[in-house]
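Open the model in your viewer and get ready to click along. We will go from stop to stop, selecting a few residues each time.

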Amino acid sequence: MSVPAMDSFKTVLKFLTNQKTTIGYSFMAILTIGSERIFSMVSFQCPCNHEQNFAYGLTFLLGPAVVLLTIGLFVSTRLWRLYTGCCLNPLKLCPRCNCMGCLQVFVKVLSGACIAPVMWLSVALLNGTFYECAVSGLDENAVVQMFCKNKTPTCQDELPRVPCSKSQLSPKDNMELLLMLRAQSQILGWSIIIVSATVALIGTCFKNCRSKVSYLQLTFQKIYMEKEKEKFEVFAEDYATKLAERNLKSFFDNKTPEAFPFPNHKAWEEISAVYTFKQSEQYYSTLQRYVERSDRDYSPEKRPVLEGADGIEMA
């Protein structure tokens, strides 16, 4: 590959790396829209009766949102860093009694996990299929009066069949009811988008307004945290490989294993805590704060306790 082509490739790669959050959200949005269309066309079949419409439509509307929220919480590294071990040591939830910092972490975790569900609800409501089915099955007087006002007496009985275009109403009344249901659904969809965008903007403004450091320093911290995570995975894989080779060599050679320097349990606990920036400290992560401590404990772990798939194991 020629030098200009190599430089162009590096430029494109750098741009994609810098915009990976935007690209990730865009991909999530496309995936959400595609999934909603597949659900609507392939698996969703409104029963069109009073007894089942509401439950069926609401299940398709909210079910995937709940699943996406659960997945978002499962893949949240912040959540597991904060939650792991807190049943045995509840103080881990709020280290150093920093309740406000703990609350901020929970808000970040929840807001990050809510992105995909909000996208799903917005797309599903803008399409209107699930909402039409759910609301048409409601037997509440307010709903019936809203849709069947100035309509024929059979409107209430025929409303659940409107989403399927099987009602005994005139084509004009059927289309009018369908458009009313779709309009309400799309209004709710846009309302969710507007409220979410407004809350995100206000939250970001509030966070940056109360920041104790400059915007460029916050940007530097984000870059540092990403690089630290990348390097940690490389170092962890390298050391895990060396430790596995050392243990296997000791087993098959039937000899005492060589000394292997390794952080103790307390060190792992300290670097696993969620970091909150302090103006009095010039640190960018819990790892940096730990390694630069003057009273750092260098003693290796003699008998680390590990919880394996078959219970507690003592190394």
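Select Cys48 to begin: it counts as buried, because its relative accessibility is 10% and buried means under 20% relative accessible area, with exposed over 50% and partly exposed in between (1.4 Å probe, protein chains only). Now add Cys164, which at 24% relative accessibility counts as partly exposed. These two cysteines form a disulfide, with their sulfur atoms 1.5 Å apart; the term is used for a pair of cysteine sulfur atoms within 2.5 Å. This pair links distant parts of the chain, 116 residues apart: Cys48 sits in the loop between H2 and H3, and Cys164 in the loop between H9 and H10. The torsion about their S-S bond is about 75°, so this disulfide is right-handed. A disulfide is a covalent bond between the sulfur atoms of two cysteines.

A word on what you are viewing: this is a predicted model, in which local features need pLDDT of at least 70, side-chain atom pairs count only at pLDDT 80 or more, and totals for chains, interfaces and linings use all residues. Residues are numbered from 1 along each chain as its sequence is written, and side-chain values use heavy atoms, leaving out hydrogens and water.

How many disulfides does the structure hold? There are two, so select Cys46 and Cys133 next to see the disulfide that joins them, S to S 2.1 Å. Cys46 lies in the loop between helix H2 (20-43) and helix H3 (53-74) while Cys133 is in helix H7, so the pair ties together parts that are 87 residues apart in sequence. Helices here are DSSP runs (H or I, at least four residues), as are strands (E, at least two), numbered from the N terminus. The torsion about the S-S bond of Cys46 and Cys133 is about 85°, so this disulfide is right-handed. Both Cys46 and Cys133 are buried.

Next, select helix H10, residues 171-209. H10 has 39 residues and reaches 56 Å from its first C-alpha to its last, close to the 57 Å expected at 1.5 Å a residue; the expected span is 1.5 Å times one less than the number of residues. Which residues of H10 are buried? They are Asp173, Asn174, Leu177, Leu178, Leu181, Ser185 and Gly189. Show what covers them, and you will find helix H6 (115-127), helix H7 (129-136), helix H8 (141-148) and helix H9 (155-158) among the elements there.

Stay with H10 (171-209) and pick out Cys205 and Cys209. The sulfur of Cys205 is 8.5 Å from the closest cysteine sulfur, in Cys209, which is too far for a bond. Cys205 counts as partly exposed at 44% relative accessibility, whereas Cys209 is exposed, with a relative accessible area of 66%.

Now move to Leu68 in helix H3. Leu68 is partly exposed, with a relative accessible area of 25%. Leaving aside residues up to four places away in sequence, Leu68 touches Ala113, Ala116, Pro117 and Trp120, where contact means heavy atoms within 4.5 Å. Try drawing a line from Leu68 to Cys114: they are 46 residues apart in sequence and 8.1 Å apart in space, C-alpha to C-alpha.

Finally, zoom out to the whole chain. Its secondary structure comes to 13 helices and two strands, and 24% of its 315 residues count as buried. Among contacts between residues at least 6 apart in sequence, 62% join residues at least 24 apart.
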